[in-house]
Amino acid sequence: MLIKNGTVYTVAGPEPLQADIAVENGVIKAIAPGLSPAPGEEVVDAAGLRVYPGFVDAHSHLALDGYGMGYDSIDYNEMGDILSPQLRGIDSFNPQDRSIEMARAGGVTTVGVGPGSANVLGGTFFAVKTYGSCVDDMILKDPVAMKCAFGENPKRCYRDKGNSARMSTAAKLREMLFAAQDYLRRREAAADDVQKQPKFDMKLEALIPVLKGEIPLKAHAHRADDICTAIRIAREFGVKMTLEHCTEGHLIPEIVARSGCPVAVGPTLTHASKLELANKSFETPGILARAGCQVSIITDSSVIPQQYLPLCAGLAVNAGMDPFEALKAITINPARHLGVADRVGSLEVGKDADIVLANGDVMVSDTAIRAVYISGKRVAGAAK
């Protein structure tokens, strides 16, 4: 396939290019002006259109919180065990859920998906493309992170089961990390001696990739004090962490920036439904970006329907965020957040041909998505 005559927003740099994009075997082969089609090659005329990388949402519950299913049918929280690191989000993902089609129609081609925030430890997130009939064929990377949660949700869900205070939540997370450290030390000391190996523990096994730095803790934290607690625990155990929601991050931008933790901000296009959301603002992502943070903007789908991800970026621009930083916040930054920037998040030679054609600025509400490609295959819209 050859996409010609479009205005290309590669996100590899701030300025758009007048260029063509050649695609071969689902991968971008060349980006340059004046490319000529090979015999028999499909040519897509993008004259008058903007060409973007497929949008990436770093944090959602897409197809775990089924479209039109109701609260009793949700599959993204295990409500019977506050410490559930052994759960894998992939096992609740329904590729036939209608919300996936809606997401890709809005240009969202890669999504971080996983458990909710009822539990102190909820299980693993994975990165998935928004096209396919079986999750095993849609996965970009699994796992990408281990979900943990601070603040009101674990307190609310387990208030009568020994977790009624923030310090209880922090203590339960520490206890599991200490136990996993001890388990790992015993396993390594035993080496190949089966007799000396500790008794198998699936929960502790699930935390070993966190302790080894292979995946981060994905920390649900809204309030400023919860953000600081998350950072403190990551520092205590020497583990990687991403800060999810970060609703009050604008109150402590220097602390967030100093932590070095990537930040996923949102969902902001919602009612402040609990106390810890009282200070949420579309100014937050811009303030954190100016402080030097790697900022992603998220929908937390189904909280905000995923197809409105670009609109959320536009609202951040209206609140003062630099437009290029906002575009990065729905493309390359979330790709980095999920550890898949070698494949998606920008239009560059060698990356997956996940491409969006639009008739204007995607961060403006009256812009229409004309076509969406995933790995070079048109999966939504029709270019014209």
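Trainee: In which helix is A105 found?

Mentor: In this predicted model, A105 is found in helix α1, which covers residues 98-105.

Trainee: What makes A105 count as buried, exposed or partly exposed?

Mentor: Its relative accessibility is 43%, and since buried means under 20% and exposed means over 50%, a value in between is called partly exposed, so A105 counts as partly exposed.

Trainee: Which residues does A105 touch, if those up to four places away in sequence are not counted?

Mentor: A105 touches I369, V372 and A380, and the buried residues of α1 for their part pack against β7 (108-113), β15 (369-374) and β16 (377-381).

Trainee: Which residues of α1 are buried, and how do you know whether they line one face of the helix?

Mentor: The buried residues of α1 are S99, I100, A103 and R104. Seen down the axis of α1, these buried residues fall within an arc of 135°, and therefore they line one face of the helix.

Trainee: What follows α1?

Mentor: The helix is followed by G107, whose phi is positive, near 90°.

Trainee: Turning to the cysteines, how many disulfides does the structure hold?

Mentor: It holds zero disulfides. For C293, the nearest cysteine sulfur is that of C246, 7.2 Å away, whereas a disulfide needs two cysteine sulfur atoms within 2.5 Å, so a pair at that distance is not called one.

Trainee: Why is C312 not bonded to the closest cysteine sulfur?

Mentor: The closest cysteine sulfur, in C246, is 16 Å from the sulfur of C312, which is too far for a bond.

Trainee: What makes C293 and C312 count as buried?

Mentor: The cut-off for buried is under 20% relative accessible area; C293 has 10% relative accessibility and so counts as buried, and C312, at 2%, therefore counts as buried too.

Trainee: Where is D300 placed, and how do you know whether it has a salt bridge?

Mentor: D300 is in the loop between β13 (295-297) and α9 (309-318). Although D300 is buried, the nearest side chain of opposite charge, K147, is 6.4 Å away, and because a salt bridge requires the charged atoms to be within 4 Å, D300 has no salt bridge.

Trainee: Which side chain is joined to that of D300 by a polar contact, and at what distance?

Mentor: A polar contact of 3.2 Å joins the side chains of D300 and H59, and this value fits the cut-off of within 3.5 Å. Leaving aside neighbours within four places in sequence, D300 is in contact with D57, H59, S60, H61, H245 and P267.

Terms used
Residues numbered from 1 in each chain as written. Predicted model: local features only at pLDDT ≥ 70, side-chain atom pairs only at ≥ 80, totals over all residues. Heavy atoms only, no water. Helix = DSSP H or I, 4+ residues; strand = E, 2+ residues; numbered from the N terminus. Buried < 20%, exposed > 50% of the residue type's maximum accessible area, 1.4 Å probe, protein only. Lys, Arg positive; Asp, Glu negative; His and termini not counted. Polar contact = N/O pair within 3.5 Å; in protein donor to acceptor, adjacent residues only side chain to side chain. Contact = heavy atoms within 4.5 Å. Arc of directions from axis to C-beta.
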